[in-house]
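Here is a short report on one protein chain. Keep the sequence and the 3D view open while reading.

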Amino acid sequence: MMHLTCPKCHGDMRQYERSGVTVDQCTECRGIFLDRGELEKLFDAEANWNRTHGAPAAPQGAPAPAPQPGGYVPPP
């Protein structure tokens, strides 16, 4: 396994798997870093979980969430 260094504080990073996605987390600043496409995979996993567990849907006519920095829209 490759040793990773946090790009923010240069602390040691640890890797773990969450919903089939490898997440890198700094042991010092606790920042979480994802590779390309991993955030979308986590959003998909959350949406699948919500569909199977009957999470409440957004009310009809509710405004869509605003895009966040980086150009992605947060999950409902």
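E38 lies in helix 1. The model is predicted, and E38 is a good place to enter it. E38 is buried yet has no salt bridge. The nearest side chain of opposite charge belongs to K41, 5.9 Å away. A salt bridge here needs a side-chain nitrogen of Lys or Arg within 4 Å of a carboxyl oxygen, so K41 does not qualify as a partner for E38. The side chain of E38 does reach the backbone nitrogen of D35, at 2.6 Å.

**The helix and the overall order**

Helix 1 covers residues 38-53, which makes 16 residues. From its first C-alpha to its last, helix 1 reaches 22 Å. That is close to the 22 Å expected at 1.5 Å a residue. Just after helix 1 comes G54, with a positive phi of about 65°.

The chain as a whole holds one helix and three strands. Read from the N terminus, the elements run β-β-β-α. The chain has 76 residues, and 14% of them are buried.

**The sheet**

The three strands form an open sheet in the order 1-2-3, with antiparallel pairing. Strand 1 (13-18) and strand 3 (32-33) are the edges. Each has a single partner strand, so one side of each is left without a neighbour in the sheet. Strand 2 spans residues 21-26. Strand 2 is mostly covered, with five of its six residues buried.

How many bridges join strand 1 to strand 2? There are six, and the two strands run antiparallel. Y16 stands opposite V23 of strand 2. The hairpin of strand 1 and strand 2 has two residues between the strands. In this hairpin S19 takes a positive phi near 55°.

Strand 2 is joined to strand 3 by two bridges, again in an antiparallel run. Q25 stands opposite I32 in strand 3. This second hairpin has five residues between strand 2 and strand 3. R30 sits in that turn.

**Q25 and R30**

Q25 is found in strand 2. Is Q25 buried or exposed? Its relative accessible area is 6%, under the 20% cut-off, so Q25 counts as buried. The side chain of Q25 reaches the backbone oxygen of R30 at 3.3 Å. R30 itself lies in the loop between strand 2 and strand 3. So one contact links a buried residue of strand 2 to the turn that follows.

**Positive phi values**

Most residues other than glycine have a negative phi. Against that background, some backbone angles here deserve a look. H10 has a positive phi although it is not a glycine. H10 is placed in the segment before strand 1. With 60% relative accessibility, H10 counts as exposed. R30 is another residue other than glycine with a positive phi. The table sets out the values.

| Residue | Place | Phi |
|---|---|---|
| H10 | segment before strand 1 | about 70° |
| S19 | hairpin of strand 1 and strand 2 | near 55° |
| R30 | loop between strand 2 and strand 3 | near 70° |
| G54 | just after helix 1 | about 65° |

**The cysteines**

A disulfide is a covalent bond between the sulfur atoms of two cysteines. How many disulfides does this model contain? The count comes to zero. C6 is in no disulfide; the nearest cysteine sulfur is that of C26, 3.8 Å away. The cut-off for a disulfide is 2.5 Å between the sulfur atoms, so the pair C6 and C26 is not counted. C6 is buried, with a relative accessible area of 1%.

C29 is in no disulfide either. Its nearest cysteine sulfur is also that of C26, at 3.8 Å. C29 is partly exposed, with a relative accessible area of 31%. C26 thus carries the nearest cysteine sulfur both for C6 and for C29.

Note on methods
Residues numbered from 1 in each chain as written. Predicted model: local features only at pLDDT ≥ 70, side-chain atom pairs only at ≥ 80, totals over all residues. Heavy atoms only, no water. Pairing = 2+ DSSP bridges. Helix = DSSP H or I, 4+ residues; strand = E, 2+ residues; numbered from the N terminus. Buried < 20%, exposed > 50% of the residue type's maximum accessible area, 1.4 Å probe, protein only. Expected span 1.5 Å × (residues − 1). Lys, Arg positive; Asp, Glu negative; His and termini not counted. Polar contact = N/O pair within 3.5 Å; in protein donor to acceptor, adjacent residues only side chain to side chain.
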